[in-house]
Amino acid sequence: MFSICPERSCDVAAIDALLDEVFGPGRFARTAYHLREGVTPISELSFVAIAEGKLRGSIRFSPVSVGGREVLFLGPLVVKQEDRGKGVGVDLMKRGLKAAKATGAASVLLVGDAPYYARVGFKPLGRGRIIPSGPIDPDRLLALEFQPGGLDDLRGPFTSLLAASPV
Ligand SMILES: CC(C)(COP(=O)(O)OP(=O)(O)OC[C@H]1O[C@@H](n2cnc3c(N)ncnc32)[C@H](O)[C@@H]1OP(=O)(O)O)[C@@H](O)C(=O)NCCC(=O)NCCS
């Protein structure tokens with residue numbers, strides 16, 4: 001049995017260890033990492049999966065900038081290898097997306113495999129609408145709108161919030 005709980009400060013070391021284990025050092029070179037780099041994940045949208053007192057999975061969301069607007073970006077989502085295929089990933093997403101919707105956000109973006117994220121309603125955003133600041137396979141750029149038209153204004157440069165901030 002898994003519980004999905006808000007992330008606590010004492011989970012951070014175990015989450016970092018799980019991200020290292022699953023993604024390796026290559027994660028620091030990914031565009032999705034750079035889009036989040038230096039920006040603290042939103043604590044009220046960070047959840048963990050726990051079983052028998054141990055961390056089994058994690059989901060976080062960070063703000064990014066699209067066309068100068070702040071938009072929610074889902075990731076990383078990770079589940080321990082031995083706990084996969086039991087619905088933990090989808091449960092983490094459902095909990096995180098419910099909390100994200102409750103913030104009043106219009107939509108969420110992510111970079112990932114469309115067939116998996118379609119399970120919770122994500123669809124490809126479509127080519128050419130937004131321009132990532134690094135290489136991203138356009139077919140992996142996915143979006144979920146929380147309300148009709150929630151994606152309509154999503155156009156332009158897709159960057160880290162820090163890169164978009166005036167200096
Ligand atoms: C992707 C991940 C989070 C899924 O976690 P999970 O707890 O196993 O997912 P669930 O149990 O909710 O769903 C499992 C189902 O999704 C499918 N699935 C898992 N990853 C998939 C993928 N990349 N593409 C398509 N389907 C996928 C499984 O085959 C399984 O299908 P079934 O229900 O028909 O048997 C987990 O595999 C993981 O941590 N992977 C490594 C990190 C990663 O890739 N994170 C996502 C970044 S894009």
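A residue counts as near a molecule or strand if one of its heavy atoms lies within 4 Å of it. This is a predicted model in which local features need pLDDT of at least 70, side-chain atom pairs count only at pLDDT 80 or more, and totals for chains, interfaces and linings use all residues. Residues are numbered from 1 along each chain as its sequence is written, and side-chain values use heavy atoms, with hydrogens and water left out.

**View 1. The ligand and the 19 residues that surround it.**
Val79, Gly85, Gly87, Gly89 and Asp113 are the closest of these. A ligand nitrogen is 2.6 Å from an N or O atom in the side chain of aspartate 113. That's a polar contact (a pair of N or O atoms within 3.5 Å; within protein, one must be able to donate a hydrogen and the other to accept it, and residues adjacent in sequence count only if both atoms are side-chain atoms). Backbone atoms join in too: a polar one of glycine 89 is 2.8 Å from a ligand oxygen, and a polar one of lysine 86 is 3.2 Å from a ligand oxygen. On its own the ligand exposes 910 Å², and the protein buries 65% of that (Shrake-Rupley areas with a 1.4 Å probe; for residues, only the protein chains shown count as cover).

**View 2. Which elements give two or more residues to the shell around the ligand?**
They are helix 1 (12–23), strand 4 (69–79), helix 3 (88–102) and helix 4 (114–117). Helices (H or I, at least four residues) and strands (E, at least two) are DSSP runs, numbered from the N terminus.

**View 3. Serine 160, in strand 9 (residues 156–160).**
Serine 160 has a relative accessible area of 9%, so it's buried (under 20%; exposed is over 50%, partly exposed in between, with a 1.4 Å probe and protein chains only). Skipping residues up to four places away in sequence, serine 160 touches His34, Leu35, Glu37, Val39 and Ser65, where contact means heavy atoms within 4.5 Å. A polar atom of the serine 160 side chain lies 2.9 Å from the backbone nitrogen of leucine 162.

**View 4. Arginine 127, in the loop between strand 6 (123–124) and strand 7 (130–132).**
Here's an exposed residue: arginine 127 has 59% relative accessibility. Apart from neighbours within four places in sequence, arginine 127 is in contact with Pro138 and Asp139. Its side chain makes a polar contact with the side chain of aspartate 139, at 3.1 Å. Glutamine 147 is 20 residues from arginine 127 along the chain, and their C-alpha atoms are separated by 21 Å.
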